[in-house]
Amino acid sequence: MNEDMMTEAERASKLAEPAANDTPTRGKGVFYVHTLGCQMNVHDSERIAGVLEADGYVPVTEEQYLNHDIDLIVMNTCAVRENAAERMYGTIGLWAELKRERPNLQIAVGGCMAQLDREKIAKKAPWVDAVFGTKNIGSLPQLLDQARIEGHAQVKVQEELNYFPSQLPTDRASKVSSWVAISVGCNNTCTFCIVPTTRGKEHDRRPGDILAEIRQCVDEGAKEVTLLGQNVNSFGYGIGDRFAFSKLLRACGEIDGLERVRFTSPHPAAFTDDVIAAMAETPNVMHQLHFPLQSGSDRILRAMRRSYRSAKFLDILRKIREAMPDAQISTDIIVGFPGETEEDFQETLRVVEEARFASAFTFIYSPRPGTPAAEMEQVPHDVVQDRFERLVALQERITEENLKTFEGRDVEVMVTGASGKKDAATHRVTGREKTGVLVHVGVPEGEPMPQMGDFVTATVTHAGRHNLIADPNPEAGQTYAVRH
C-alpha cells in the first residue's frame, strides 16, 4: 500500500473542533497523532486516537497544536523505505526540544518502525516514553501510565496477533469516507519488503464482522468505504475460499446507503476473473485499481520473488479494461533493484508504455536491513537516478494524456472535505470522481455550495498535471448539479 495515493489532507491527523464554550477540557491530557506511511497506518492512527479518547485523553485543537499546547504526541511510523526511518528519527529529535520546554509532555512511538527497531528507538531517543508495536495499539494508555510511574521508556512489541485492531475504539478522521481493514499481515516473501516482519503473517477477519463494521460506518454517515489489506484480494485464501474477496465485494453492493466501495492494495497473482466480474457487476464498487507492477523485467520480478511475469500482468490489465473500459489503474514501480541492467529497465519502460497507467508511484530502491535484497549487489546511485528520471518523464506524459480525455466530460465528485490549497480563493470544493481522480470543482455564482459528503456532477473544463478542474458555466450548457 502506498502513502502517495493520498493527498496531504487525507493523510493528516484530525484536529478537534474548539469547544463551544471556549473552555476546552484537557481530560487526561491533550494528544496529537502524527502519521507516516500508507493507508493502513492512517487507519491504525484512527484506532490509536480512539483508544486514547476511551482512556480519557482529548484530541488537540488547531489552536493548541499551533501553540504547542500538547500533553502527548504519538508518532505512527513506517518502515517501507529508508527515508521514512530517517524522517522518524529527525522528527523525534525535534520533539526533544518540545519536551525540554514542556517537561510533562509524553512522546510515544508506534507502528512498523517501532515493531522493527523497538529497543533501538528507546536507546537512541531516551526522551521517548513509550514504544509499541503494530499489534499493541490497545496497550498504549497503560504504557504511558507506567512510564509516568517508573520515569523511563516502556517498550511493548508482540510478535503474535491476539486481536484485530478493528476491535478497538476508533476516532475516524472522516465521517463520510471510512477505512475498513479486512486483513492484517502478509504471507508473501518479496525480497525487497519488510512488511511481513513488521506486520506478521496474514490474518483475515470474519466476513460478517467486516460487513457489520461497514454498516456501522454507513449508519454514522459514511458514504464511501475503502477495504484495506496488505494483499486485499487474497482475503479468504487462508481458509481455502478463493472466491471470498469477490463475495465480499458483492455483499458490499447490498448495503443500503453505501455509495462507493474501493480497495487497496491487491496483488496481481491473486487478481482472478471473479474479482474482475465482481468489480464490473457491483454498481457501488468503483472502477479504480492500484495494481503494483514493481518491475517490467521478468528477470527482476523473479529476483523480487513476485509470483507473476510481465505478460501475465498485462493480460490481467487487458481483462480489466475489457470489463471496465473507464477503469483508472495506478501502480508501484521500483527503479534500481539490485542487479537491474539497462535491458531490464527498458523492459519496465516497455510495459509502462503498453499498460498506460493513470499514475505510477515510482521509487528508487531502498535497501531494508533484514531483507534478502539488502544483501544483493546494489546498482550505482547515479545510474538509478538517471533511470528514475526517465521513467518519471514517461509516466508524466501518459498521465497528462490520460487526464486530457476527461476534458468536456461530466464527472460525479464526492466532496471529501479535503480542501485544495487554493479552494477558498477560487470558490472551489475538492473531492474525487468515481475512478479516484482528484477534482477541484468551481461553484458557479448563484449555485448552492456543496457540503462534505455531497455529490457534485460537473463538466471538466481543464486537465492539470495530476488533477482535474471543473469550473462549469451552466449558461453555456455545462453541467453543475448537487446531490445530497
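**Sheet.** In this predicted model I looked up the open sheet, and I find three strands in the order E7-E10-E11, with parallel pairing. The edges are taken by strand E7 (177-181) and strand E11 (260-264), each with a single partner strand, so one side of each has no neighbour in the sheet. From one strand to the next, I note a twist that averages 25 degrees.

**E10 and E11.** How many bridges join strand E10 to E11? I note five between E10 (residues 224-228) and E11, which run parallel, and among the residues paired this way I looked up Leu 228, whose bridge partner in E11 is Thr 264.

**Helix across the sheet.** I then turned to helix H2 (residues 39-54), which lies across E7, E10 and E11 and runs at about 100 degrees to E7.

**Backbone after E11.** Returning to Thr 264, I find that the peptide bond from this residue to Ser 265 is cis, with omega near -10 degrees, and that Ser 265 belongs to the loop between E11 and helix H10 (273-281). I record this since most peptide bonds are trans, and most residues other than glycine have a negative phi.

**Positive phi.** I looked up two residues with this in mind. His 68, although not a glycine, has a positive phi of about 60 degrees, and it is found in the loop between helix H3 (62-66) and strand E3 (72-77). Gln 294, also not a glycine, has a positive phi of about 75 degrees and is found in the loop between strand E12 (288-290) and helix H11 (298-304).

**Exposure.** Is Gln 294 buried or exposed? I note Gln 294 as buried, at 7% relative accessibility, because that value is under the 20% cut-off, whereas His 68 is partly exposed, with a relative accessible area of 40%.

How values were computed:
Residues are numbered from 1 along each chain as its sequence is written. This is a predicted model: local features need pLDDT of at least 70, side-chain atom pairs count only at pLDDT 80 or more; totals for chains, interfaces and linings use all residues. Side-chain values use heavy atoms; hydrogens and water are left out. Two strands pair if DSSP finds at least two bridges between them. Helices (H or I, at least four residues) and strands (E, at least two) are DSSP runs, numbered from the N terminus. Axes are lines fitted to C-alpha atoms, for helices over the stretch in contact, and angles run from 0 to 180 degrees between N-to-C directions. Contact means heavy atoms within 4.5 Å. Buried means under 20% relative accessible area, exposed over 50%, partly exposed in between (1.4 Å probe, protein chains only).
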